[in-house]
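Please work through the following exercises with the sequence and the coordinates at hand. Each one sets a task and then solves it step by step.

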Amino acid sequence: MSDHEKSFVEELRSFSNHRMWDNMWVEGDGEWIAESLQLGTLDIAHDGSYQPEISTEVCSAAVIAKCKATGREMIVSFAERSRHATNYSVEILGAIATQLILNAATRNMSDCENLSVVTHCDNKGVLNHGGKAEAELKEKQAQFDVLHVLKGLVSASKVLTTFNWVEGHSVEKKD
């Protein structure tokens, strides 16, 4: 890395939403994320939490990235206070944080032609919109603002993201 290039963490913290990274733990300097992408060994999962019985104006999200080959990890969590807080909005924010991590990891890569990653999420709306980033949003689409940001990040990403649904804790098992 040359003197003028930002490190992975510096790049994340340079984004306009720098508070998103205040509660971040990453093994080493985080450069392993780019290496894991190149090797196809990166796993990423994100989730959101909204508990209106506790507060209708607070929601939180978390992202975990792990290299399957080395076991190195990155964990990010953040909360948002908004009168528009919903479970859906915070699930989308988790996906946005994931795209920003991928953006920061690939910031210095020139050859990204074959980079891909699978991200895991328990919200089918996020999977649908993230997986169809080129599709236009309806005018009255719920959470239009954050979905628009997510779609823009996915479309502009150097990494082909496949969104994979995983069963969340709120899904009740049927016998």
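## Exercise 1: Rings and charges

Task: determine how many aromatic pairs the model contains, and then find which residue lies over the face of tryptophan 165.

Solution. The model is a predicted one, and the search counts rings of Phe, Tyr and Trp as a pair if their centres lie within 6.5 Å. By this rule the count comes to 0 aromatic pairs. The second step turns from ring pairs to a charge over a ring: lysine 124 is placed over the face of tryptophan 165, at 4.6 Å from the ring centre.

## Exercise 2: From helix α2 to threonine 41

Task: name the buried residues of helix α2, describe the glycine that follows α2, and decide whether threonine 41 is buried or exposed.

Solution. Helix α2 spans residues 32-39, and its buried residues are Trp32, Ile33, Ala34, Ser36 and Leu37. After α2 comes glycine 40, which has a positive phi, near 75 degrees. Threonine 41 belongs to the loop between α2 and β2 (42-50). Because buried means under 20% relative accessible area, threonine 41, at 16% relative accessibility, counts as buried. Once residues up to four places away in sequence are set aside, threonine 41 touches Ser36, Lys66, Cys67, Lys68 and Ala69.

## Exercise 3: Three helix pairs

Task: classify the packing of α4 with α5, of α3 with α4 and of α3 with α5, and give the handedness of each crossing.

Solution. Begin with helix α4 (residues 124-131) and helix α5 (residues 144-156), which pack at an angle of about 45 degrees with their axes 9 Å apart. This angle makes α4 oblique to α5, and the crossing of the two helices is right-handed. On the α4 side the contact is made by Val126, His129 and Gly130, and on the α5 side by Leu147, Leu150, Lys151 and Val154.

Next take helix α3 (residues 87-105) with α4: the axes come within 9 Å and cross at roughly 45 degrees. Here α3 is therefore oblique to α4, and α3 passes α4 in a right-handed crossing. Tyr88, Glu91, Ile92 and Ala95 in α3 meet Gly125, Val126 and His129 in α4.

For the remaining pair, α3 and α5 pack at an angle of about 25 degrees, with 9 Å between their axes. Since angles under 35 degrees count as roughly parallel, α3 and α5 are roughly parallel to each other. The crossing in which α3 passes α5 is left-handed. Residues making this contact include Ile92, Leu93, Ile96 and Leu100 of α3, together with Val146, Val149 and Leu153 of α5.

## Exercise 4: Two residues and their surroundings

Task: establish where glycine 94 and serine 60 lie, how each is classified by accessibility, and which residues each is in contact with.

Solution. Glycine 94 lies in helix α3 and, at 0% relative accessibility, counts as buried. Its C-alpha atom is 9.4 Å from that of valine 76, a residue 18 places apart from glycine 94 along the chain. Neighbours within four places in sequence aside, glycine 94 is in contact with His46, Ala61, Val63 and Phe78.

Serine 60 is found in strand β3 (residues 58-67), and its 28% relative accessibility makes serine 60 partly exposed. Serine 60 and valine 90 are 30 residues apart in sequence, with a C-alpha to C-alpha separation of 6.3 Å. Leaving aside neighbours within four places in sequence, serine 60 is in contact with Asp47, Gly48, Ser49, Phe78, Ala79 and Val90.

How values were computed
Residues are numbered from 1 along each chain as its sequence is written. This is a predicted model: local features need pLDDT of at least 70, side-chain atom pairs count only at pLDDT 80 or more; totals for chains, interfaces and linings use all residues. Side-chain values use heavy atoms; hydrogens and water are left out. Rings of Phe, Tyr and Trp (its six-membered ring) pair if their centres lie within 6.5 Å; planes under 30 degrees apart count as stacked, over 60 as edge-to-face and the rest as tilted. A charge sits over a ring if NZ of Lys or CZ of Arg is within 6 Å of the ring centre and within 35 degrees of the ring normal. Buried means under 20% relative accessible area, exposed over 50%, partly exposed in between (1.4 Å probe, protein chains only). Helices (H or I, at least four residues) and strands (E, at least two) are DSSP runs, numbered from the N terminus. Contact means heavy atoms within 4.5 Å. Axes are lines fitted to C-alpha atoms, for helices over the stretch in contact, and angles run from 0 to 180 degrees between N-to-C directions. Angles under 35 degrees count as roughly parallel, over 145 as roughly antiparallel, 65 to 115 as roughly perpendicular and the rest as oblique. A crossing is left-handed if the near helix is turned anticlockwise from the far one by less than a right angle, and right-handed if clockwise.
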